[in-house]
Amino acid sequence: MANQNNVLKTVERTMLALEALSESSEKLSLADIATKLSVNKTTLHGLLNTLVILGYVLNEKGMYSLNSRIQLLSDTRQDNNLLIDKYHPYIDKIAHKTATTCLLSIRAGSHHYMIVDYIEMDYKLSINEKRHDFFSTISSATGNIFLAYDKSLLHSLRKGGFITPELERKIKTIRQQGYAVDAGEVEQQTFCLAFPMIFEGKIEASLSLVSHSKEHLHSVVDRVKLFLTP
């Protein structure tokens with residue numbers, strides 16, 4: 001219990017220190033922050049050093065300010081929300097017109113993607129933003145869409161030796177037909193049909209349809225492609 005309390009105190013002090021720096025229009029000294037938080041300077045110094053090492057805080061001759069990584073985290077979240085706002089109407093309408101569950105996925109770092117919007121007919125499902133591996137299995141229709149349409153990602157994974165000859169053939173097929181379809185991506189006994197969401201020549205997201213019937217998904221391919229055509 002004591003260890004848990006110590007962790008909670010550290011987390012609380014970390015957040016308060018970041019808030020103090022964000023609220024100040026000027027750089028703050030260790031003493032300034034310690035006074036604001038009523039925290040021992042020795043304890044605070046160790047905490048700030050950790051934040052500096054992680055890139056969240058900048059230390060210039062003993063004067064502290066927020067570093068750009070904090071802004072990057074904020075911008076990433078804002079960008080994700082903008083993509084959800086942009087594509088939510090698409091997946092909402094397609095879910096109703098095709099009687100399938102629709103997912104919107106985006107890249108999350110160099111080797112993963114995550115689902116950020118999830119519609120099942122008449123209601124929106126909650127998302128925990130779990131990260132999925134692009135290449136852990138070639139049965140991931142959503143992951144294969146990113147591999148097929150994100151040139152920088154594919155180049156990086158090729159250099160790392162992650163792209164097998166079998167996967168290369170699959171990527172070529174996906175580019176030719178404009179979509180990917182595979183079994184068991186979300187859960188057993190389900191099938192997934194995925195499309196790239198392209199804007200100004202670059203993939204922004206993957207739109208995926210999930211059904212218990214592979215035949216059902218094949219029957220809606222042309223309708224979905226037509227719906228996504230500008």
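This section describes the secondary structure, strand pairing, helix packing and cysteines of a predicted model.

The chain contains eight helices and ten strands. Of its 230 residues, 38% count as buried. Contacts across long stretches of sequence are well represented. Among contacts with a separation of 6 or more, 50% join residues that are 24 or more positions apart.

Strands E2 and E3 form a hairpin with two residues between the strands. E2 covers residues 57-60, and E3 covers residues 63-66. The two strands pair in the antiparallel sense, over four bridges. Within this ladder, Asn59 has Tyr64 of E3 as its bridge partner. Lys61 lies in the loop between E2 and E3. The phi angle of Lys61 is positive, at about 55°, although the residue is not a glycine. Lys61 is also exposed, because its relative accessible area is 86% and the threshold for exposure is over 50%.

Ser65 belongs to strand E3. In contrast to the exposed Lys61, Ser65 is buried, with a relative accessible area of 16%. The value falls below the cut-off for burial, which is under 20%. Beyond its neighbours within four places in sequence, Ser65 is in contact with Leu21, Lys27, Val57 and Leu58. Val57 is also touched by Leu51.

Leu51 sits in helix H3, which runs over residues 41-54. Its relative accessibility is 6%, so Leu51 counts as buried. Residues up to four places away in sequence aside, Leu51 touches Thr14, Leu18, Tyr56 and Val57. Thr14 lies 37 residues from Leu51 along the chain, yet the C-alpha atoms of the two are separated by 8.3 Å. Val57 thus appears in the contacts of Leu51 and in those of Ser65.

A second hairpin is formed by E9 and E10, again with two residues between the strands. E9 spans residues 191-199, and E10 spans residues 202-211. They pair in the antiparallel sense over nine bridges. One of the pairs in this ladder joins Leu193 to Leu209 of E10. Glu200 is found in the loop between the two strands. Its phi is near 50°, a positive value in a residue other than glycine. Glu200 counts as exposed, because its relative accessibility is 70%.

E10 also pairs with strand E4, which comprises residues 101-107. This pairing is likewise antiparallel and extends over five bridges. Here Leu103 stands opposite Ser208 in E10. E10 therefore has E4 and E9 as pairing partners. What is the degree of burial of E10? Eight of its ten residues are buried, so the strand is largely enclosed by the rest of the structure.

Helices H5 and H6 provide an example of helix packing. H5 covers residues 141-149 and H6 covers residues 151-159. Their axes are 5 Å apart, at an angle of about 95°. The two helices are therefore roughly perpendicular to each other, because angles of 65 to 115 degrees fall in that class. On the H5 side, the contact involves Phe146, Leu147 and Tyr149. These residues meet Lys151, Leu153, Leu154 and Leu157 of H6. By class, the contact has six nonpolar residues, no polar ones and one charged residue.

The cysteines were examined for disulfides. A disulfide is a covalent bond between the sulfur atoms of two cysteines. The count comes to zero. Why is Cys102 not bonded to Cys192? The closest cysteine sulfur to that of Cys102 is in Cys192, at 9.8 Å, which is too far for a bond. The relation holds in the other direction. For Cys192, the closest cysteine sulfur is that of Cys102, at 9.8 Å, again too far for a bond. The cut-off applied is within 2.5 Å. Cys102 counts as buried, because its relative accessibility is 0%. Cys192 also counts as buried, with a relative accessibility of 1%.

Methods:
Residues are numbered from 1 along each chain as its sequence is written. This is a predicted model: local features need pLDDT of at least 70, side-chain atom pairs count only at pLDDT 80 or more; totals for chains, interfaces and linings use all residues. Side-chain values use heavy atoms; hydrogens and water are left out. Buried means under 20% relative accessible area, exposed over 50%, partly exposed in between (1.4 Å probe, protein chains only). Contact means heavy atoms within 4.5 Å. Two strands pair if DSSP finds at least two bridges between them. Axes are lines fitted to C-alpha atoms, for helices over the stretch in contact, and angles run from 0 to 180 degrees between N-to-C directions. Angles under 35 degrees count as roughly parallel, over 145 as roughly antiparallel, 65 to 115 as roughly perpendicular and the rest as oblique. Ala, Val, Leu, Ile, Met, Phe, Trp, Tyr, Cys and Pro count as nonpolar, Asp, Glu, Lys and Arg as charged, and the others, Gly among them, as polar.
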